[in-house]
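Colleague: Could you take a close look at one part of this model for me, the aromatic rings that pair up? I'm new to this, so please spell out the terms.

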Amino acid sequence: MTVSFHKFGNFFPGTGRIKDNGFGAGKYYALNVPLRDGLTDDNFRSLFFPIIEKVMQVYNPEAVVLQCGADSLGGVLEIGL
């Protein structure tokens, strides 16, 4: 099960629509939460906690892995760093 909270729209990588929820045996094991510019901490908390609470309740995982900010590296090769 993956849950992705991410900036969405004309922004790298341009994927992660709310309806993109997996396919085949993985159907419904992906949850995308596309976000727009201007999100405040309070807005984010009001989305994050109830969504994660429900995911934890439904899927009852044995482990949780958190990955933060990997997409911020998207333009590194393009600008020559």
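Modeller: Here is a walk through the paired rings, one pair at a time. This is a predicted model, where local features need pLDDT of at least 70, side-chain atom pairs count only at pLDDT 80 or more, and totals for chains, interfaces and linings use all residues. Residues are numbered from 1 along each chain as its sequence is written, and side-chain values use heavy atoms, with hydrogens and water left out.

Rings of Phe, Tyr and Trp (its six-membered ring) pair if their centres lie within 6.5 Å; planes under 30 degrees apart are stacked, over 60 edge-to-face, and the rest tilted. That rule gives five aromatic pairs. Take Phe 5 and Phe 44: their planes sit at 65° with the centres 5.5 Å apart, so this pair is edge-to-face. It joins distant parts of the chain, as Phe 5 is in strand β1 (residues 2-7) and Phe 44, 39 residues away, is in helix α1 (residues 41-59). Helices (H or I, at least four residues) and strands (E, at least two) are DSSP runs, numbered from the N terminus.

Phe 44 also pairs with Phe 48, and here the rings are stacked, with 25° between the planes and 5.5 Å centre to centre. Those two are four residues apart in helix α1, so about one helical turn separates them. Put together, ring pairs link Phe 5, Phe 44, Phe 48 and Phe 49 into a cluster.
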